[in-house]
Amino acid sequence: MAKWVYDFEEGSEQMRNLLGGKGAGLAEMTRIGLPVPPGFTITTEACKDYQKRGYISEEIKQETLEHLKRLEQKTGKKFGDPENPLLVSVRSGAPVSMPGMMDTILNLGLNDEAVEGLKKLTQNGRFAYDSYRRFIQMFGDVVMGVPHEEFEKILTYHKDKNGFNSDVELTEEVLKEVIADYKKLYKEHTGKDFPQDPMEQLFLAIEAVFKSWNNPRAITYRMLNKISDDLGTAVNIVMMVFGNMGNDSATGVAFTRNPSTGEKKLYGEYLVNAQGEDVVAGIRTPKQIDELANEMPEAYKELLRVADILEHHYRDMQDMEFTIERGKLYMLQTRSGKRTARAAVKIAVDMVKESLITKEEAVLRVSTDQIDQLLHKMIDPKAEVRVIAKGLPASPGAASGKVVFDVKEAASRGKAGEPVILVRPETTPEDLEGMAHSQGILTTRGGMTAHAAVVARGMGIPCIVGAESIKLDLENKTFTVNGVTVKENDVITIDGTTGNVILGEVPMVEPELSGEFEEFLKIADELRKLGVKANANTPDEARRARSYGAEGIGLCRTERMFLQPDRLPIMQDMIIAETAEERREHLSKLEPLQKKDFYEILKEMDGFPVIIRLLDPPLHEFLPQKERLEKEIEELRSTNSNPELLQKKERQLKRSKELAEFNPMIGFRGCRVGIIYPEIYEMQTQAIVDACVQLKKEGFNPKPKIMLPLIGHVNEMKILREKVEKIVKDKLAEAGMDVKIEIGTMVEVPRAALTADQIAQYADFFSYGTNDLTQTTFAYSRDDAEGTFLPYYLDHKILEKDPFMTIDRDGVGKLVRIGVVLGRHTNPSLEIGVCGEHGGDPESIEFFHYAGLDYVSCSPFRVPIARLAAAQVAVKEKGKSVFIDK
């Protein structure tokens, strides 16, 4: 017989999938002796059963009632008893943390009689009626769909009427009036009186939590965070403890370390005389946790003790919810805390130093997405800025964009690629989509643990909360602060690191690897097997690559060098030349420029390998567009002003037509050009050798490798290698120098992979060009596919992933693996890497690790991501033995 319900004493952290994260945390804290209110958990299996049936089965109801009786025995209170009522919270809890996405009901069990019993029991009428009005509001909103803002309007009306500024000032008599109005509102929307039977309240609330698994915000959150829809949520029934019993009571949220910076210090917020929802909803601005040491010193000391126990027990930074009832601390939740990328890195490094976790665990604690966040631009410290307001720095990084006040508008404009800053009083879980598509978020209310702050940190979006000096006028879509009025579509910049709100767009600077970030990546370097190089075409890119930890250049595209304004005309003259001698004459002008290019890049990468790809694209790409040429020729003919230029343009047009192809991607390019016009590759090879000779004379250690592009047949490789090798040997002999220059190829057509054993006879290295290999394997033109059918294929799951973003393991990946096995069969010392876009994609890097490649090469900005991804797959391969046993 299935067991649907577990008391906290019966569970543990190991039962997370069954009890959900919250239930497992409550059970584990109970098990290790921490102060947790008694309660029980209805399992995720019960949720799945409900989803199938559409109702709660009698078996689940009966088991719930049995555990409710046990709870009554533990507490000495009775559910529904008007004299000594047991009140409970009903809280969701999925196996994976989904903060704020599902529903909670507090103070359940109150009715018109029980509220009087609670008043007598506590000798505190204000507290009793405050709890009742909260219960009606939460039950009406969560269970029956009565709009939350309608309740808030009633509350605001009564506060204004009585001259109150905050909820705490509401008296018992005023609260009774609020409750009467709440009940009228409830009946208007539901057609029923507010339920007085606690059992009816309980099962309606449990059903509401089950239903909340599939509410729109929860579905959106799961989609954004790649969480399975099949997990379901547990329901936790917990004896209520009250933070709203007076000035010796409080409620709060705390982290064992700072979730923004990673600093090892208790961090959080609390509110005196309040309930938990007040803190996370951002309705009142809370106090910093440090103040609790003065206000309630004993409770603060106990909180520090519990925080230390939990962090050492879970061996991770914990996010805790607590309530203090009449000076006594109760723990209501613990979970691994969400943190910024910066904090994640610092915490991982610090915990290794503290011997809490291993280096292997540390690299798994930081995601590649978080590393990406750390590489975002920040405000240039030299920039002059006009700060118009300051709030709490809730999520670091900086962003500029147009001010938008409406969440749906932010979502639609953000999706369209427009940079927007979402400005709101506070955010709620329903705002998730608008937040996800904004560059940054600014709220005028709330603290560092409010919804906007938690969600923004998780998404890596810059965020400022609690900017109370800003006065919003949502109706007219403006905000005013310190005499400045900002309208919708005006541009502002927010700095989530300092909390500054800045008028206008501000210059940004590139991030740097330093401090814990650098330490963390060095740990990753110790663990990874794959090398990490960069694709770089200029000295600046090479310098950036080295600063990010690249171990060389895996692809230097020489064609980019010919596109500079002073070189393109020479290149065009070479292309329209009719004889090899003419071509050589023009190439001789380019050779010193090429030598300078190679000299500077090899110098930046001194001592590290640089793979230089000889000319790859079709020659017609260097000529002006055919339509443009025809127009220019027509104008020159009509004016008859420059016969010499006219003649040149006519030659260019003639040559453009000769070189025109129906499908240039598989046409006259790459090694085919090098074979037909050998003088091009001759010039480039000479320039490489001359650059090396000069560097050697100057005491540097150049390590160039020459890559022959688009090889598809062994004879292409054989012919070109012999020519290149002869030039290298002759030039070095002439200079009396000894420089090791390897010669290899880019494997980018299927035939090269399938005949890799033959090609490897003449290659020192292979580098997979997976962009072209994907195009030629799928017969997709990347540029055309992404603008036509590919989005449809992805939306309708014809393809699970974009094959240009993540390697297609079944097709393209199989070709990679075949090429590795065949190539190394012929040449066991063959070095093999990848230099396509996939070299910076973590999922693809995992495949390349297992496929036996030696290195990946990617954009300089993705080098840190690749370093971590390579370490993570190496750790996962190594297995569980690396972890410290709890």
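Residues 24 or more positions apart make up 69% of the contacts in the protein chain with a separation of 6 or more. Keep in mind that this is a predicted model. Below is a quick look at the chain as a whole, then at a helix crossing, at helix H34 and at a three-stranded sheet.

**The whole chain**
- There are 35 helices and 31 strands in the protein chain.
- The C-alpha trace spans about 105 × 65 × 50 Å along its principal axes.
- As for burial, 57% of the 886 residues count as buried.
- The accessible surface adds up to about 37,000 Å², and carbon and sulfur atoms own 49% of that.

**Where H30 meets H33**
- Have a look at helix H30 (residues 770-778) and helix H33 (residues 812-826): their axes come within 10 Å and cross at roughly 115 degrees.
- The hand of this H30 and H33 crossing is right-handed.
- On the H30 side, the residues that make the contact are Leu773, Thr774, Thr777 and Phe778, and they meet Val812, Leu815 and Val816 in H33.
- Sort the residues of this H30 and H33 contact by class and you get five nonpolar, two polar and no charged ones.
- A reminder for reading such lists: residues three or four places apart on an α-helix point the same way, because there are 3.6 residues a turn.

**Helix H34 and its cover**
- Helix H34 (residues 842-851) has a good handful of buried residues: Ser844, Ile845, Phe847, Phe848, His849 and Ala851.
- Both helices of the crossing turn up again here, since H30 and H33 are among the elements that cover the buried residues of H34.
- The cover of those H34 residues also includes strand E30 (831-834), strand E31 (855-858) and helix H35 (863-878).
- Right after H34 comes Gly852, with a positive phi near 90 degrees.

**A three-stranded sheet**
- Elsewhere in the numbering, three strands form an open sheet in the order E18-E19-E20, and the pairing is antiparallel.
- Strand E18 (471-473) and strand E20 (484-487) are the edge strands, each pairing on one side only.
- On average, neighbouring strands in this sheet are turned by 20 degrees against each other, direction ignored.
- E18 pairs with strand E19 (residues 478-481) in the antiparallel sense, and three bridges hold the pairing.
- For a specific pair to click on, try Asp473, whose bridge partner in E19 is Thr478.

Technical notes
Residues are numbered from 1 along each chain as its sequence is written. This is a predicted model: local features need pLDDT of at least 70, side-chain atom pairs count only at pLDDT 80 or more; totals for chains, interfaces and linings use all residues. Side-chain values use heavy atoms; hydrogens and water are left out. Axes are lines fitted to C-alpha atoms, for helices over the stretch in contact, and angles run from 0 to 180 degrees between N-to-C directions. Helices (H or I, at least four residues) and strands (E, at least two) are DSSP runs, numbered from the N terminus. A crossing is left-handed if the near helix is turned anticlockwise from the far one by less than a right angle, and right-handed if clockwise. Contact means heavy atoms within 4.5 Å. Ala, Val, Leu, Ile, Met, Phe, Trp, Tyr, Cys and Pro count as nonpolar, Asp, Glu, Lys and Arg as charged, and the others, Gly among them, as polar. Buried means under 20% relative accessible area, exposed over 50%, partly exposed in between (1.4 Å probe, protein chains only). Accessible areas come from the Shrake-Rupley method with a 1.4 Å probe; for residues, only the protein chains shown count as cover. Two strands pair if DSSP finds at least two bridges between them.
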